[in-house]
Amino acid sequence: MDEDHFEQPGNLFRLVSQAQKQALFENTARSLSGVSQAVQQRHIAHCTKADPFYGAGVSRALAAING
């Protein structure tokens, strides 16, 4: 059984434009703004496994929203 659940989303992330990535970061941050810090950190960790830039972008967008 294939246990790599992050390669495919990482590959897709790397295909989209910078503008699309920024929209993804911002939309994800807005969606996560009402959940616990633990859930936010878990999601960032999953994004980072797909692509480090993905995780960093979501983290920055959340920081901007959370203040």
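This passage describes helix H3, its surroundings and the nonpolar core of a predicted model.

Helix H3 spans residues 37–50 and comprises 14 residues. From its first C-alpha to its last, H3 reaches 20 Å, close to the 20 Å expected at 1.5 Å a residue. Four residues of H3 are buried, namely Gln-40, Ile-44, Cys-47 and Ala-50. Viewed down the axis of H3, these buried residues fall within an arc of 110 degrees, so they line one face of the helix. The spacing is in keeping with a general feature of helices: an α-helix has 3.6 residues a turn, so residues three or four places apart point the same way. Exposed residues lie on the other side of H3, where Ala-38, Arg-42 and Lys-49 are found. The cover over the buried residues of H3 includes helix H1 (7–15), helix H2 (18–32) and helix H4 (52–66).

Among the buried residues of H3, Gln-40 has a relative accessible area of 3%. Because this value is under 20%, Gln-40 counts as buried. Beyond residues up to four places away in sequence, Gln-40 touches Leu-32, Ser-33, Val-35, Leu-62 and Asn-66. Leu-32 in turn touches Gln-40, His-43 and Leu-62, with residues up to four places away again not counted.

A further set of contacts links H3 with Gly-55, a residue of helix H4. Gly-55 is buried, at 1% relative accessibility. When neighbours within four places in sequence are left aside, Gly-55 is in contact with Ile-44, Cys-47 and Thr-48. Of these contacts, Ile-44 and Cys-47 belong to the buried residues of H3. Gly-55 and Ala-45 are 10 residues apart in sequence, and their C-alpha atoms are 6.6 Å apart in space.

The largest nonpolar core has 11 residues: Phe-13, Phe-25, Ala-29, Leu-32, Ile-44, Cys-47, Ala-50, Tyr-54, Val-58, Ala-61 and Leu-62. Two or more residues of this core come from each of H2, H3 and H4. The most is given by H4, with four residues. Ile-44, Cys-47 and Ala-50 are core members and are also listed among the buried residues of H3. Leu-32 and Leu-62, both in the core, are contacts of Gln-40. In soluble globular proteins, nonpolar side chains tend to be buried together.

Key: Residues are numbered from 1 along each chain as its sequence is written. This is a predicted model: local features need pLDDT of at least 70, side-chain atom pairs count only at pLDDT 80 or more; totals for chains, interfaces and linings use all residues. Side-chain values use heavy atoms; hydrogens and water are left out. The expected span of a helix is 1.5 Å times one less than its number of residues. Buried means under 20% relative accessible area, exposed over 50%, partly exposed in between (1.4 Å probe, protein chains only). The arc is that of the directions from the helix axis to the C-beta atoms. Contact means heavy atoms within 4.5 Å. A nonpolar core is a set of buried Ala, Val, Leu, Ile, Met, Phe, Trp, Tyr and Cys residues joined through side-chain atoms within 4.5 Å.
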